[in-house]
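Dear colleague,

I am passing on the structure below, together with some notes on what turned up in it. Please look through the model first and then read on.

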Amino acid sequence: MDERFNKWLLTPVLTLLFVVIMYQYVSPSCTSSCTNFGEQPRAREAGQPAAPAPARRAQVPLEDWERRPQLPPPPRGPPEGPRGAVAPEDEDVEPGDPEEEKDGEEEEERDPEAPENGSLPRFVPRFNFTLKDLTRFVDFNIKGRDVIVFLHIQKTGGTTFGRHLVKNIRLEQPCSCKAGQKKCTCHRPGKKETWLFSRFSTGWSCGLHADWTELTNCVPAIMEKKDCPRNHSHTRNFYYITMLRDPVSRYLSEWKHVQRGATWKTSLHMCDGRSPTPDELPTCYPGDDWSGVSLREFMDCTHNLANNRQVRMLADLSLVGCYNLTFMNESERNTILLQSAKNNLKNMAFFGLTEFQRKTQFLFERTFNLKFISPFTQFNITRASNVEINEGARQRIEELNFLDMQLYEYAKDLFQQRYHHTKQREHQRDRQKRREERRVQREHRGQRWPKEDGNTEGAVTEDYNSQVVRW
C-alpha cells in the first residue's frame, strides 16, 4: 500500500518540479512586458497620467521635452594647448594704452564650427559671387619679393592672429622672436628682407592701426626703402589680409578697452597726404583719456570713431573727401563707403572672422599654401560676452554701426561660401586621386600576369610531372 502511494505521489512532485524549472526560463523574458502591461491601467485608475510611449513623443508638448535635462555631447578631438588660443579681448599693450591684465576667467568651449556627424553643415548663400570671388589661391613666393600686409582693425582678435603669423607658421626660416621685444624678425630664407608687414614684424610703420587708405599709400614706399637697391627692378606683390568681428561684440569690446584708458590718439589717419584737422575729427573727451566712460556716454558721442569702424578702415576714404563731412551728403557718403569696403574686402587675398577660428585657419592655409604648427582655438567667453546689456542698448549699438552690420553680413556670407567651395574642391580632388590610384593598381595587376589564361594548361601539366618525380 505504501509503495503504491509513493508511486502516485512521485508523479505530481516531478510535474511540479518541471513547471518550476520551465517558469524560471520563461519568466525573465516577459517580466518587463508583463509589469508594464499591468502598471498603466493601475496608473490611470489612481488618477495619474501614464508615461508617454516613445512612439508618441511627438504628441507631448514641446515645452515639456525642453525642460528635461539633456546629456552633454561627448567631447570630440584631442585637447588643444594654449598656443592656439584665441582671446580677442586680450590685446597687447599699445602706445598710449595702459597695461592690460590677462583674463584668466575665459572658458574654452567646444568648437561650434565642427558638424556633429563630420559632414558639411547646411549653408544657404544670400549673395551671388562669381567663381573667381570664391576661388582663393595665392602663389606666395616667400623667397622672392612678395609681402603679406596685415590690416589690423581694433578689437577683432588681430593681436592673437598677428602672433600666429610670426610664431605659429611652419617655415623654412621661422621668424626670430626674442623675449622682451615686441617685434620679431621675419626674413626670407637666405636674405635679410622681410616677407611680412604687420605690427609684430615691422611695427606700426604706417601709423597706429593704419587703415586701408593709409596702408595702400604707405606700404610700397616703406618696403622700397627697406629693400636693396638692386632689387628695385623686380616686381613685388602685396597681399592684404585682415580680420573682422561681429559689430556688436567688437563695439562693446572697444568700449571696455577705452574705459580702461586706451585712446589710440597717436593714430595718424592720413588721407590724401594729410591728417584730419581738429574740426574734421574732434575728440570725445577733454582730458588725456576717456577712462571710466559709461556705455551711454560712449554711444552719445556722435563723432566716435568706434561707430562703423570696420567699414571706415576698409574703405577708400579719398572717394568721400576723407574726414571732411561737408564734401557730400551723409546718405551718399555712407553708400560709397559701404560699397568701397565690400569691394576691397572681396579683392583682398584673405580675410578671417573672429567667430570662426577653425575655418579662418583652414582658409589661410589653403590660400597661401602655408601650414600652422598649432591649431586655432575658439573661445566664446570674452569680456564683451560678459557685458550684460538690454535689448534697447543692443538696438542702439546696431543703429550706430548699421554700416558695419551690413558689411559683416556680406563678409560672413562670402567667408562661408569660400569655405564650402574650398572643401568641395578638396573632396573632388581626393575622389579623383582615389580613382586614379585604383586605375593604376588595376593596370599594374594586368601587367604582372600577362596571358596567364593562355598558359594555364602548360602550368598544370608541369606541376603534375613534378609531383610524379617527387613520388
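**Aromatic rings and the core**

Ring pairs join F140, F150, F161, W195, Y239, F350, F364, F368, F372 and F376 into one cluster. Please keep in mind as you read that this is a predicted model. Across the whole structure, a search finds 21 aromatic pairs. In one of these, F351 and F415, the ring centres are 6.2 Å apart and the planes stand at 50°, so the pair counts as tilted. This pair links distant parts of the chain, since F351 belongs to strand β4 (residues 350-353) and F415 to helix α12, with the two positions 64 residues apart in sequence. F351 counts as buried because its relative accessibility is 2%, and F415 is likewise buried, with a relative accessible area of 1%.

Several of the cluster's names come back when one turns to the nonpolar interior. The largest nonpolar core has 72 residues, and the members that touch the most others are W195, F364 and F368. Helix α12 (residues 402-448) provides the largest share of this core, namely eight residues. Another core, of 19 residues, lies apart from it and includes L208, Y251, M299 and A384. As for F364, if residues up to four places away in sequence are not counted, this residue touches F161, L165, I169, I241, F350, N369, L370 and F372.

**The chain as a whole**

It may help to set these details against the overall figures. The chain contains 13 helices and four strands, and of its 471 residues 41% count as buried. Among the contacts with a separation of 6 or more, 76% are made by residues 24 or more positions apart. The chain exposes about 29,100 Å², of which carbon and sulfur atoms supply 53%.

On the outside, L10, L14, L17 and I21 make a nonpolar surface patch of about 380 Å². One of these residues, L10, lies in helix α1 (residues 2-45), and L10 counts as partly exposed because its relative accessibility is 48%.

**Charged pairs**

Side chains of opposite charge can pair when their charged atoms come close. The count of salt bridges in this model comes to 13. In one of them the side chains of K143 and E172 meet, at 3.4 Å from N to O. The two residues come from distant parts of the chain, 29 residues apart, with K143 in the loop between α3 (131-134) and β1 (147-151) and E172 in the loop between α4 (158-167) and β2 (196-197). With a relative accessible area of 46%, K143 is partly exposed, whereas E172, at 61%, is exposed.

A salt bridge in another setting joins E254 and R250, whose closest N and O atoms are 2.6 Å apart. Both residues lie in helix α6 (residues 247-259), four residues apart, which is about one turn of the helix. Here E254 and R250 are both buried. A further salt bridge is formed by E280 and R274, with their closest N and O atoms 3.1 Å apart, and R274 is partly exposed, having a relative accessible area of 40%. In addition, R145, E224 and R236 are joined into one network by salt bridges that share partners.

**Two buried loop residues**

Two residues in loops also deserve a look. R188 is found in the loop between α4 and β2, and with a relative accessible area of 0% it is buried. Setting aside residues up to four places away in sequence, R188 touches N141, I142, K143, G144, R145, D146, V147, Q173, E193, T194, W195 and R236. Of the residues already mentioned, K143, R145, W195 and R236 are thus among the contacts of R188.

The other residue is N308, in the loop between α7 (295-300) and α8 (309-314). N308 is buried, with a relative accessible area of 12%, which falls under the 20% cut-off for that class. Which residues does N308 contact when its neighbours within four places in sequence are left aside? They are L400, N401, F402, L403 and D404. For F402 in particular, the C-alpha to C-alpha distance to N308 is 7.1 Å in space, although the two are 94 residues apart in sequence.

With kind regards

Terms used:
Residues are numbered from 1 along each chain as its sequence is written. This is a predicted model: local features need pLDDT of at least 70, side-chain atom pairs count only at pLDDT 80 or more; totals for chains, interfaces and linings use all residues. Side-chain values use heavy atoms; hydrogens and water are left out. Patches are made of residues with over 30% relative accessible area and no salt bridge: like charges are joined within 9 Å, nonpolar side chains (Val, Leu, Ile, Met, Phe, Trp, Tyr) within 5 Å. Accessible areas come from the Shrake-Rupley method with a 1.4 Å probe; for residues, only the protein chains shown count as cover. A salt bridge is a side-chain nitrogen of Lys or Arg within 4 Å of a carboxyl oxygen of Asp or Glu. Buried means under 20% relative accessible area, exposed over 50%, partly exposed in between (1.4 Å probe, protein chains only). A nonpolar core is a set of buried Ala, Val, Leu, Ile, Met, Phe, Trp, Tyr and Cys residues joined through side-chain atoms within 4.5 Å. Contact means heavy atoms within 4.5 Å. Rings of Phe, Tyr and Trp (its six-membered ring) pair if their centres lie within 6.5 Å; planes under 30 degrees apart count as stacked, over 60 as edge-to-face and the rest as tilted.
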